[in-house]
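Reader: Please present the structure under discussion, and be prepared to justify the terms used to describe it.

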Amino acid sequence: MRAFITYVYITVFPCVLLSQLTFVVKSYQGELKDNEHIYIAGNFQGWNPGDDKYAMTGSDTFYTLTFNPDPGRLEFKFTRGDWARVEGTADGKSIPNRKYNYPGGLDTLVLEISGWEDREGMVSTAASNVMVWTDSFYFPKLDRYRRIWVYLPPDYETSEEHYPVLYMHDGQNIFDAATSYAGEWEVDETLNALFEAGDDGCIVVAIDNGGDERVDDYAPWEHKKYGGGRGDAYIHDLVYTLKPDMDRTFRTKPESEYTGIMGSSMGGLISLFAGLAHQDVFGKVGVFSPSYWFSDELYVFAGDRKMTCPQRIYTVAGRREDAGIERLIKKMEKTLLRNGYRNTDMETILCDDGTHSEWFWAREFTGAYLWLFEDGFGQ
């Protein structure tokens, strides 16, 4: 890979009615191939790596993009159109998401792009007991197709056992660094190690997100800026179409006490929604760094859901994430306690070093899994 350096200047221009954030990319001539562009993908546009609305314009050596984010914490990366061509180190290795607390006032940042990842040549890190079950599973109510990954315990082929099942969102990031867009959770490596240490095993079904449709799928309510609103349809299809197929195809324990759902960020929000809406289906709910800020409707919905079935909810977040996440989690706990949940039904972990990122969720997965599946009911 050819080494090069790109300098990125970000300038903020204040306005009484509107703040403008302008990215200026100054690169050496010849770095981009014909028909390539530099894009910005971030938490302000659904992490779509090739969104034309966030494509920079200009010449071979000077590119700009102006947009209007809300003040607050921005996370982003630069791409050349997809996650196979995302920025990285000079030797092509992954880097964490960029972060910037945008104050809405005049400010200038000078950033450096040291290189790009070559995802096309990256070797899969998925374990041998992980499969892509289908790359085109149809969600009828959502009217969309999604890739489905399945992890089977190491002894699945040599035993007649039936296993608990954990459903996870953002399937691209669960098992394989070659398909991830922000790092992987290493769920397969973790579960294989736990199996070797004596764990009975668990089937994991991971559903890919839809890229620029991710927020739409994971938000049951519409946000005036970020969209959303199809989350109920997504969970309906997971419960009434995908889960029955999994129970027919694999040796599962289909009852709620053996069935979990888990995700992070917007995936954490939709996991809690699914658990509350379908208590008779999901007895175990893993909520990582949840985006409870997305809609106040979540608290209205939670306030109307009395506990009707045994259920355990494990929540984990980091104190280095967005300000207010701890307050929102505590608010949700109080809401659930008023509806019949007990303190013993919920476990909340707040880590001082935790950030809104895959490395943190990968590290905390073990604790969540053990509390939900080993120490919980139904074992």
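**Terms and their grounds**

Author: In this predicted model, Lys306 lies in the loop between α5 (297–303) and β17 (312–318). The C-alpha atoms of Lys306 and Leu276 are 8.5 Å apart in space, with their positions 30 residues apart in sequence.

Reader: Which residues is Lys306 in contact with, leaving aside its neighbours within four places in sequence?

Author: Lys306 is in contact with Gln279, Arg338 and Asn339. The term contact here requires heavy atoms within 4.5 Å.

Reader: How many helices and strands does the protein have, and what percentage of its residues is buried?

Author: The protein has 7 helices and 18 strands. Of its 379 residues, 56% are buried. About 16500 Å² is exposed, and carbon and sulfur atoms supply 49% of that area. Among contacts with a separation of 6 or more, 73% are accounted for by residues 24 or more positions apart.

Reader: Why is helix α1 described as largely enclosed by the rest of the structure?

Author: Helix α1 (residues 187–196) has 10 residues, and 7 of them are buried, so the helix is largely enclosed by the rest of the structure. Those buried are Val187, Asp188, Thr190, Leu191, Asn192, Leu194 and Phe195.

Reader: Which elements do the buried residues of α1 pack against?

Author: They pack against the strands β11 (130–139), β12 (144–151), β13 (165–168) and β14 (203–207), and against helix α7 (358–374).

Reader: What makes α1 and α7 oblique to each other?

Author: Two packed helices are described by the angle between their axes and the distance between the axes. The axes of α1 and α7 come within 10 Å and cross at roughly 55°. Angles under 35 degrees count as roughly parallel, and the roughly perpendicular range is 65 to 115. The value of roughly 55° falls in neither class, and α1 and α7 are therefore oblique to each other. The crossing of α1 past α7 is right-handed. On the α1 side the contact is made by Val187, Thr190, Leu191 and Leu194, and on the α7 side by Phe365, Thr366, Tyr369 and Leu370. By class, the residues of this contact are 6 nonpolar, 2 polar and no charged.

Reader: How do you know that α3 is oblique to α4?

Author: The axes of helix α3 (residues 231–249) and helix α4 (residues 266–277) come within 10 Å and cross at roughly 60°. That angle makes α3 oblique to α4, given that the roughly perpendicular class runs from 65 to 115 degrees. The crossing of α3 and α4 is right-handed. In this contact Gly231, Asp232, Tyr234 and Ile235 of α3 meet Ile270, Phe273 and Ala274 of α4. The residues divide into 5 nonpolar, 1 polar and 1 charged.

Reader: Why is Leu272 called buried?

Author: Leu272 has its place in helix α4. Its relative accessible area is 1%, and buried means under 20%; Leu272 is therefore buried. Leaving aside neighbours within four places in sequence, Leu272 is in contact with Val285, Val287, Tyr292, Ile313 and Met332. The C-alpha atoms of Leu272 and Ile313 are separated by 8.1 Å, at 41 residues apart along the chain.

Reader: What makes Trp361 count as buried?

Author: Trp361 lies in helix α7. At 3% relative accessibility Trp361 counts as buried, the cut-off being under 20%. Beyond its neighbours within four places in sequence, Trp361 is in contact with Trp185, Ser264, Ser265, Phe288, Ser289, Thr355 and His356. Trp185 is 176 residues away along the chain, yet the C-alpha atoms of Trp361 and Trp185 are separated by 6.4 Å.

Reader: Why is Asp143 called exposed, and Glu186 partly exposed?

Author: Exposed means over 50% relative accessible area, and partly exposed covers the range between that and the buried class. Asp143 has 52% and is therefore exposed. Glu186 has 40% and is therefore partly exposed. Asp143 lies in the loop between β11 and β12, and Glu186 in the loop between β13 and α1.

Reader: What is the phi of Asp143, and what is that of Glu186?

Author: Most residues other than glycine have a negative phi. Asp143 is not a glycine, yet its phi is positive, about 60°. Glu186, also not a glycine, has a positive phi of about 60°. A glycine, Gly198, follows α1 and has a positive phi near 120°.

Definitions and conventions
Residues are numbered from 1 along each chain as its sequence is written. This is a predicted model: local features need pLDDT of at least 70, side-chain atom pairs count only at pLDDT 80 or more; totals for chains, interfaces and linings use all residues. Side-chain values use heavy atoms; hydrogens and water are left out. Axes are lines fitted to C-alpha atoms, for helices over the stretch in contact, and angles run from 0 to 180 degrees between N-to-C directions. Helices (H or I, at least four residues) and strands (E, at least two) are DSSP runs, numbered from the N terminus. Angles under 35 degrees count as roughly parallel, over 145 as roughly antiparallel, 65 to 115 as roughly perpendicular and the rest as oblique. A crossing is left-handed if the near helix is turned anticlockwise from the far one by less than a right angle, and right-handed if clockwise. Ala, Val, Leu, Ile, Met, Phe, Trp, Tyr, Cys and Pro count as nonpolar, Asp, Glu, Lys and Arg as charged, and the others, Gly among them, as polar. Buried means under 20% relative accessible area, exposed over 50%, partly exposed in between (1.4 Å probe, protein chains only). Accessible areas come from the Shrake-Rupley method with a 1.4 Å probe; for residues, only the protein chains shown count as cover.
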